Amino acid sequence: MEKKKFYITTPIYYPSGKWHIGTCYTTIICDALARYKRMQGYDVFYLTGTDEHGQKIQKVAASHGVEVKKYIDGVVDELKKLWDLLDISYDKFIRTTDEYHEKAVQKIFQKLYDKGDIYKSAYEGWYCTPCEAFWTKTQLVDGKCPDCGREVELTKEESYFFKLSKYQDKIQKLIEDDKEFLQPITRQNEMLNNFIKPGLQDLCVSRTSFDWGVKVPFDPKHVVYVWIDALTNYITALGYGGEDEELFKKYWPADVHMMGKEIIRFHSIIWPAILMALDLPLPKKVYGHGWLMFNNDKMSKSKGNIVDPFILCERYGVDALRYYMLKEVPFGQDGNFTNEIFLKLRNSDLANDLGNLVSRVTAMVSQYFDGVIPAPTDCNDIDKDLIALAEKMYPTVTAYMDEMRAPEALETIFKVIQRANKYIDECTPWILAKSDEGRERLKTVLFNLCETIRMTSVILQPFLTQTPAKIFEKLGIKEGMGLTDFDSIVKFGAKIDGLKVDKGEQLFQRIDIAKELKVMDEILEEERRRAKAQAKKENEKVENAVTLQQIGIEDFAKVELKVGTVLECKKVEKADKLLCSQIDVGEEKPRTIVSGIAKYYTPEDMVGRQVIVVTNLKPAKLRGIESQGMVLCAEDENGDLALITPCKSVKSGSIVG
């Protein structure tokens with residue numbers, strides 16, 4: 001029997017700066033859903049990636065003084081490291097600079113143009129560069145972007161437009177009739193009342209004011225704008241518009257598009273309209289979750305309240321961060337992250353409830369039965385209560401996960417864990433161990449506890465990716481026993497008696513919260529100082545670049561450049577970086593010029609070489625040697641130098657200009 005398919009996507013992330021825990025939220029949610037479906041036996045395809053074109057990224061790269069793609073590569077590498085750290089089990093990572101994607105985007109644009117759904121006109125409107133979004137004057141809030149609250153600029157340029165207005169009735173009917181398409185329901189009301197019913201405007205889908213993007217195939221002075229470039233990644237990643245469309249045929253339409261509420265408009269209105277124009281099926285569900293707030297304020301680099309996920313995972317564990325994201329944020333609504341709540345939740349749920357349960361039970365099995373899980377001997381009402389709760393866990397959690405309600409799913413699991421802790425107190429194993437009759441009863445108690453721990457660990461695997469494996473090891477459960485899949489937790493009472501437990505180390509050490517809060521404040525303050533210093537450095541780079549760009553031709557004409565031939569060269573004593581050269585620049589005698597290039601050229605490399613010399617520079621003394629000019633070099637972003645030389649031999653003293 002063929003497996004059911006499940007295709008889930010995050011939005012593709014814009015690599016414009018440092019990644020923070022807000023970035024992690026959507027991806028962790030989707031990862032838990034993807035893992036849960038895989039354990040249910042679904043054939044899952046989980047897509048994530050990066051949106052790498054546009055004016056904003058071009059400006060950011062320029063501010064760093066590096067070529068755009070090289071800048072993006074570094075930021076994307078960091079993102080992939082973060083996903084590896086968080087055990088994100090994506091099946092494909094798409095970059096919109098991937099060649100196959102760019103070619104497919106051009107084909108899609110051409111197809112929409114040929115169909116008459118794209119036409120050429122001129123655009124004038126308000127544009128927010130950080131959000132890469134156009135707004136009408138009536139949509140602005142106090143004259144600023146309604147999404148991010150930042151300044152917008154009036155933009156006018158020749159553009160191609162997509163006939164979004166043509167699909168207004170179909171989009172309205174879709175959202176009104178299919179209550180499952182857009183979730184949660186509050187998003188339906190928002191889209192209908194704020195965007196669709198007031199009237200959809202045709203959409204600008206090309207730009208000429210920057211060139212970092214996919215070229216329009218029939219008009220290359222235009223680049224394809226984000227709505228077609230970025231949104232179509234969900235089908236190009238599957239091979240649509242490419243040479244092999246097997247994945248597209250297999251997995252499309254998507255089961256879930258997951259994203260933050262700020263981009264729900266693009267995915268629930270623009271994206272379906274594009275698919276309708278392409279005569280393609282629509283995704284089954286678009287889900288817009290709330291924002292992850294920090295101390296009840298929207299997470300923002302400009303506010304200095306970003307929490308570094310690398311630091312959190314290093315200090316407190318990957319599972320602690322995953323658990324917080326999945327448990328504490330009410331799905332579909334805004335959630336709040338504070339360091340204090342994060343640490344308290346780790347202590348209460350992971351250290352106290354789960355960690356303490358595993359530690360107590362494995363310790364008692366080791367103490368009373370030489371580390372071997374005993375077989376049960378009886379079953380009373382207290383046992384039945386625990387067993388019933390454990391057996392209801394899987395269907396209840398599955399129902400919640402089908403509705404993407406991860407917090408309620410985890411609450412269900414931890415109710416079983418908390419009930420097991422209470423069961424210990426009710427059964428008092430330490431008293432049962434004192435008599436022969438009690439020891440018979442103790443066998444059932446410890447078996448029930450071990451089985452409850454096993455069942456909760458099995459169902460925790462999609463949520464916590466590291467802790468369940470450690471618990472299985474403590475219980476003596478090995479791969480291939482059939483004790484770690486969902487089929488094994490439908491009924492209570494798997495064959496675990498006879499397994500040898502290993503108490504080992506605590507799963508989660510309790511944290512001194514007051515002490516850790518001080519440490520976290522110090523870390524955050526250091527991050528702020530570093531970010532402030534980096535911003536100052538980058539601003540200086542930009543200011544210097546602007547200063548250089550503003551010189552006139554009359555200033556440039558003051559610089560005298562000549563071709564010189566190196567006659568002699570030697571190292572400067574006690575100076576590792578300096579070479580002293582005698583250079584013929586067509587004058588009565590050679591000039592003495594000191595250059596900081598000894599790391600890159602030997603004296604032997606220099607002799608006979610022709611170089612470009614600034615000959616009207618004021619003489620300067622370096623290590624006691626008067627240098628009578630400057631040899632021109634090129635320096636890359638790594639600080640490596642290369643001499644600038646004529647492409648063919650010319651007469652010494654020839655003017656450069």
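Start by selecting Tyr127 and Glu153: Glu153, in strand β6, is the bridge partner of Tyr127. The model on screen is a predicted one, and this pair is the entry point to one of its sheets.

**The antiparallel sheet**

Select residues 118-128 and 153-162 next. These are strands β4 and β6, which pair in the antiparallel sense over 10 bridges. Two further positions mark the register. Glu124 has Lys156 of β6 as its bridge partner, and Lys120 stands opposite Tyr160 of β6.

Now widen the selection to the whole sheet. Four strands make up this open sheet, in the order β5-β4-β6-β8, with antiparallel pairing. Its edge strands are β5 (133-135) and β8 (203-204), each of which pairs on one side only.

Step outward from β4 to β5. Three bridges hold these two strands in antiparallel pairing. Pick Cys128 to see one of the contacts across the gap: its bridge partner in β5 is Ala133.

Then go to the other edge. β6 and β8 run antiparallel and are joined by two bridges. Phe161 is the residue to click here, since Cys204 of β8 stands opposite Phe161.

**Ser206**

Move along the chain to Ser206, which lies in strand β9 (residues 206-207). Is Ser206 buried or exposed? Its relative accessibility is 0%, so Ser206 counts as buried; the cut-off for buried is under 20%.

Show everything in contact with Ser206. Leaving out residues up to four places away in sequence, Ser206 touches Ser159, Tyr160, Val216, His222, Val223 and Tyr225. Tyr160 has appeared already, as the β6 residue opposite Lys120. For a distance label, use Ser206 and Phe162: their C-alpha atoms are 9.4 Å apart, with their positions 44 residues apart in sequence.

**The parallel sheet**

Clear the selection and take residues 5-9 and 43-50. These are strands β1 and β2, which run parallel and are joined by five bridges. Within this pair, Ile8 has Tyr46 of β2 as its bridge partner.

Which strands complete the sheet, and in what order? It is an open sheet of six strands, ordered β3-β2-β1-β11-β12-β7, and the pairing is parallel. At the edges are β3 (92-95) and β7 (182-183); each has a single partner strand, so one side of each has no neighbour in the sheet.

A background point applies to both sheets: strands pair through backbone hydrogen bonds, either parallel or antiparallel. When turning on side chains, recall that in a regular strand they alternate between the two faces of the sheet.

**The whole chain**

Zoom out and colour by secondary structure. The chain has 21 helices and 25 strands. Its radius of gyration is 32 Å, well over the 26 Å that the globule rule gives for 657 residues, so the chain is more spread out than a compact globule. Along the principal axes, the C-alpha trace spans about 115 × 70 × 50 Å.

Switch to a surface view. The accessible surface comes to about 31,000 Å², and carbon and sulfur atoms account for 50% of that. Of the 657 residues, 51% count as buried.

Colour by charge next. There are 92 positive and 100 negative side chains, and the centres of the two sets lie 1 Å apart.

Finish with a contact map. Among contacts between residues at least 6 apart in sequence, 75% join residues at least 24 apart.

How values were computed:
Residues are numbered from 1 along each chain as its sequence is written. This is a predicted model: local features need pLDDT of at least 70, side-chain atom pairs count only at pLDDT 80 or more; totals for chains, interfaces and linings use all residues. Side-chain values use heavy atoms; hydrogens and water are left out. The radius of gyration is taken over C-alpha atoms; the globule rule is 2.2 Å times the number of residues to the power 0.38. Buried means under 20% relative accessible area, exposed over 50%, partly exposed in between (1.4 Å probe, protein chains only). Contact means heavy atoms within 4.5 Å. Accessible areas come from the Shrake-Rupley method with a 1.4 Å probe; for residues, only the protein chains shown count as cover. Lys and Arg count as positive and Asp and Glu as negative; His and the chain ends are not counted. The place of a charge is taken as NZ of Lys, CZ of Arg, CG of Asp or CD of Glu. Two strands pair if DSSP finds at least two bridges between them.
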